[in-house]
Amino acid sequence: MEKIFRILVSYLLFVELSLFSLFIVDQINLNSSKTNGLFDVKTEYIDSLLQTWSVDEKIGQLLIPVMNSVDVNEIDSLYAIYENKNITAVWFENTDLATQIICTNYFRTKSKQPFFIATGSQNKPNQEVSLPSALTIAAIKDEKLRKNYVHLLANRNKNLGVNLDFSLNLNKATKRKNADRFGSNKQIIKKLNGLLIEKLNENKIIAVLSHFNDFENVKKYDFLVNSGLKAILLNVDTVFPIKNNIETNYVNDYLYKKVKFNGLLLTDIRNKSEKEIYWERMLEAGVSLFVVNFSEIENARKILKSKIEQKIITEKELNKRIRKIWLAKKWTERKKNNLVSVDRALAKINNSKNKLISRLLYKKSINLIQNKYKLLPIKEIESRNFLMLNYKKSKFSDFKRVFENYAWLSVNSRKIKDFNNEEIQNYSEIIFIIDFLITKADSLLLKKLKSIKNEKNLILVNVAYPENLLSLNFANTLIQVYDKNKIWQKIVPQILFGGVEAEGRLPFTLNDQLAYNHNIRVKNIQRLAYVIPEELGFCSDSLQKIEKIVAEAIRIGAMPGCQILFAKRGQVFYLKSFGYQTYKKTQKVKNTDLYDLASITKVAATTLASMYLYEKDSIRLNDSIKYYLSDSSETTFKNNQIRDFFIHKSGLPAYMPVLQYIMYQNDTIKRLDKYFTETADSTHTIEVAENFYLRQDYLDSIWKNIDTLTIDTSKVYRYSDVNFNVIYKVIMGKISINYESFLQKHIYNRLGLRYLCFRPTRKFASKNIAPTQNDRFWRKQLLRGYVHDEAAALYGGVAGNAGLFSNANDLAILFQMLLNGGSYADSEIFKQETVDLFTLPQEDSKRGLGFNRGRYGSFGHTGFAGTCVWASKSEELIYVFLSNRIHPKMTNNKLKKYRIRKKIHQSIFSAICNKNNSYE
């Protein structure tokens, strides 16, 4: 790309200076309120040129061919056609921005005449910052955001080197024609069009009023003309119908005499160019420029030539129109040495502020039309099962991916005529997405949806085609999206679950029930939302530093891969997976993969369970431990208070007394016999690893060994796994159900956590769990889904010090609840004072109760396997890092040695955008 740009610049040095560079543009002040009359300034220089041009050369000035999906490698051949046909204008469609910029530079450099570059409001392939449809803008209530849309569009065109923009439309939205119209509110339509003209004029871009067909209200156009409107695109079908109902000379009388417009008239004659009657009427009406398909160039030229030869338009009138075109081109013309740098232009188009505005435009336009029974926001996730029907097998992969940050989503892609209602019996909510215009042919679909609605909660999402709403009012829940851009797929699931509010409104009236401004607002219940960094004041480009840190960490073998999450104010703005599960690079890490959390279990399970029991007054932190142990007469630490174990001041040693089990090897088979067996039986019931079982009675032996451990009575801080297994023992004595079930019932399920769990192989396929150590000494296998920690393994994978597995997202939800003061999704899990008590530093310790304390006033924990989670109340920030750095060897210490986790954490603070990139 840069190579092509350099070639263009080199070529520029050899291009002759155009004779038109002698023309003094300052004579023509097209920015004044009487702009258009100045198009008629007589210039002897232009007139002399017109006298030298042939009819063919003049015809070339009248055409704007539309080029689709341009290949940068075909520039030479494409321009050769332009040069041969004397054409000096182009409209790029479906061409990525980089290619468009390269072509623009090339055409302008090669051409000896000023060159028009035209564009519509359509988005281009791979466009990073998208422009919503006009109707989407009208659905937004925030006036300031609508104004930002105008700035976004004008700046994009400026950086692309555009001369003609076709975004203006003064027509009201109707039931059938909507996408390119700014709704039905006259004031909004007027303000947006006026502002568009103003901003485009500032950048020397001609704003074209599209689809003109209104011959009723002259005053309606005064503000446009006074704002400096320079071009109008006449609607071919209504202004120039084959069955004549408007005299063509009336177009001249109306626009030039009544409206006082004296600018360029254009028509879009694509796919109609073979109908000669149109051309006669357009020429008679004063049209100067004709938009045609690239493939229609020759046909259009032949017809125009024949009409000129037939004297449908005089040579004097033809010259007058070409003079207008030339004066307009000179006003918009860029200097030949002022080419557009591809990288610089794309950087300006895709800057942080534009990313933010684009995202918010889509986000704030989504409209909740119906919410019967107040289904939204969906609160009790654990009691619901969701099914999405895929009628036309459209790919809604982003929708499903974001949806599954909250709940499982099944998909049924059977044809609607083959769909049996029995297939929905196991589901409580049925989701159906409509991204097509409903016609009579879809009557069976509507009938089937109505029958589903009678049995289940039916959630309909209508994408574009708001006229469909008239047929969909039977739904329990109905959401309207006004633009097909895929961003909606990332927003709508968040609306369903209460992470984001639906702020849009109906931009025009459909009937009495669906009137202008209709919207239903529902409460944001503070579930995690998923946003782009710019929404929270961070720059995406600056966050690329994280990728560099991770890439280097993987390169040096600090870990094979990882998951990283950052959230601020309850909104996840960074969630990415890197690398592979192993160094063999056969399976990439996904956001849904689970990692061994190791010691994070101490806070994400043991401490939380203790907090619950504390609130129930089942445990008291200042009580001696002996009151909670059934037989504590011989226990060395019986007089320690419970809080001593949380802050690691019990005096117990760091590690569990399990060495004898790990070191034991039978002389013959080197592993089994005394403690373990390869198959489970009535005696060996504890699953330590795959095909590796411990005798049940040895759990009591392990506890007896703990009872007799020598303790340090000096009360110094000593981090110890034993402490949390003692707390685990206390918890088990206070609950009447299985420990995992206890956590699920009282905490995890209420938060909607599905990945955070012990013993994940019972719930997930092994391929979805990152492996840890390849244990060649004791368990003699690659550990995948089985806890690495030896002590926790001897507990069967469920212990106080380790055993939990999770992905980054579930862990973030858990810590967001803590940052919220114990509440999440309108549900109180803990009281604020309980959260404060356990997370804040203790009087005689820098640690909280269970929780470690870090920088920026954060609380959280790290894990031996290569994990950490930190939450800062002052920064309202959550940081989750999950890796399997101990794969395949637990001796790998590079993650800590090179401070990888810390560097990633710190990098977030250097990614804060400056105020110029703020939407506000």
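Student: Why is Glu276 called partly exposed?

Tutor: In this predicted model, Glu276 has a relative accessible area of 39%, and since buried means under 20% and exposed over 50%, with partly exposed in between, the value for Glu276 falls in the middle class, which is why Glu276 is called partly exposed.

Student: What makes Lys307 count as buried?

Tutor: The relative accessibility of Lys307 is 2%, and because the cut-off for buried is under 20%, Lys307 belongs to the buried class.

Student: How do you know that the side chains of Glu276 and Lys307 meet in a salt bridge?

Tutor: The N to O distance for Glu276 and Lys307 is 3.0 Å, and because a salt bridge asks for a side-chain nitrogen of Lys or Arg within 4 Å of a carboxyl oxygen of Asp or Glu, this pair qualifies. The pair links distant parts of the chain, with Glu276 in helix H12 (residues 276-285) and Lys307 in helix H13 (residues 297-309), 31 residues apart.

Student: Why can the salt bridge of Asp644 and Lys715 be said to tie together parts of the chain?

Tutor: The side chains of Asp644 and Lys715 meet at 2.5 Å, N to O, which satisfies the limit of within 4 Å, so the contact is a salt bridge. Asp644 lies in helix H22 (residues 642-646), whereas Lys715 lies in the loop between helix H24 (698-707) and helix H25 (721-732), so the pair ties together parts that are 71 residues apart in sequence.

Student: Which of these classes, buried or partly exposed, applies to Asp644, and which to Lys715?

Tutor: Asp644, at 4% relative accessibility, is buried because that value is under 20%, while Lys715, with a relative accessible area of 39%, lies between the two cut-offs and is therefore partly exposed.

Student: What makes the contact of Glu501 and Arg521 a salt bridge?

Tutor: The side chains of Glu501 and Arg521 meet at 2.8 Å, N to O, and because this is within 4 Å, the pair is a salt bridge. Both residues lie in the loop between helix H19 (487-496) and strand E15 (529-530), so the pair ties together parts that are 20 residues apart in sequence.

Student: Why are strands E19 and E20 said to stand at the edges of their sheet?

Tutor: The open sheet has the order E19-E21-E20 with antiparallel pairing, and E19 (676-677) and E20 (684-689) each have a single partner strand, so one side of each is left without a neighbour in the sheet.

Notes
Residues numbered from 1 in each chain as written. Predicted model: local features only at pLDDT ≥ 70, side-chain atom pairs only at ≥ 80, totals over all residues. Heavy atoms only, no water. Pairing = 2+ DSSP bridges. Helix = DSSP H or I, 4+ residues; strand = E, 2+ residues; numbered from the N terminus. Buried < 20%, exposed > 50% of the residue type's maximum accessible area, 1.4 Å probe, protein only.
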